[in-house]
Amino acid sequence: MSSVYEINKGINKPIEFRGLYGQYIAWLAGGLVVLLLLFVALYLLGAGLLVTVPLVFTLGGGLIFTVFRLSKRFGVHGLGKFFARRGLPDYVKFRSRRTFTALKVIRGNAERQAG
């Protein structure tokens, strides 16, 4: 008897859930946990349900809208790239040429470039 092996075609694909990719699923889950804790805290502090429930639903709707908007705008890895790009300086200023003139030349690279 021969064996039949199935090919896993989605090996390198990012995790997707209803249009949310990768890290956005975690952001949404974390936000929903925070909203649950906010509801519990407000309820235990004695805030009325007529105040607590609409507040939590409004904040939850805003959270869902924002996370889906970020997922659509930046994609799978775009949000990390966006924050990384913001961390780069606009320019680098050197007061002296010593930074470049004192660089060590690796012997193998110099011979390959000359030859």
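1. Buried here means under 20% relative accessible area, exposed over 50%, and partly exposed in between (1.4 Å probe, protein chains only). By that yardstick, Y24, L28, G31 and L35 are the buried residues of helix α1. Bear in mind that this is a predicted model, where local features need pLDDT of at least 70, side-chain atom pairs count only at pLDDT 80 or more, and totals for chains, interfaces and linings use all residues. Residues are numbered from 1 along each chain as its sequence is written, and side-chain values use heavy atoms, leaving out hydrogens and water.

2. Which way do the buried residues of α1 fall, seen down its axis? They sit within an arc of 65° (taken from the directions from the helix axis to the C-beta atoms), so they line one face of the helix. As a reminder, an α-helix has 3.6 residues a turn, so residues three or four places apart point the same way.

3. The cover over those buried residues includes β2 (20-21), α2 (49-74) and α3 (78-86); contact means heavy atoms within 4.5 Å.

4. Now the other side: the face of α1 turned away from its buried side carries the exposed residues A26, V34, L36, L37 and L44. L44, which belongs to helix α1, is exposed with a relative accessible area of 68%.

5. Helices (H or I, at least four residues) and strands (E, at least two) are DSSP runs, numbered from the N terminus. Just after α1, G46 adopts a positive phi of about 100°.
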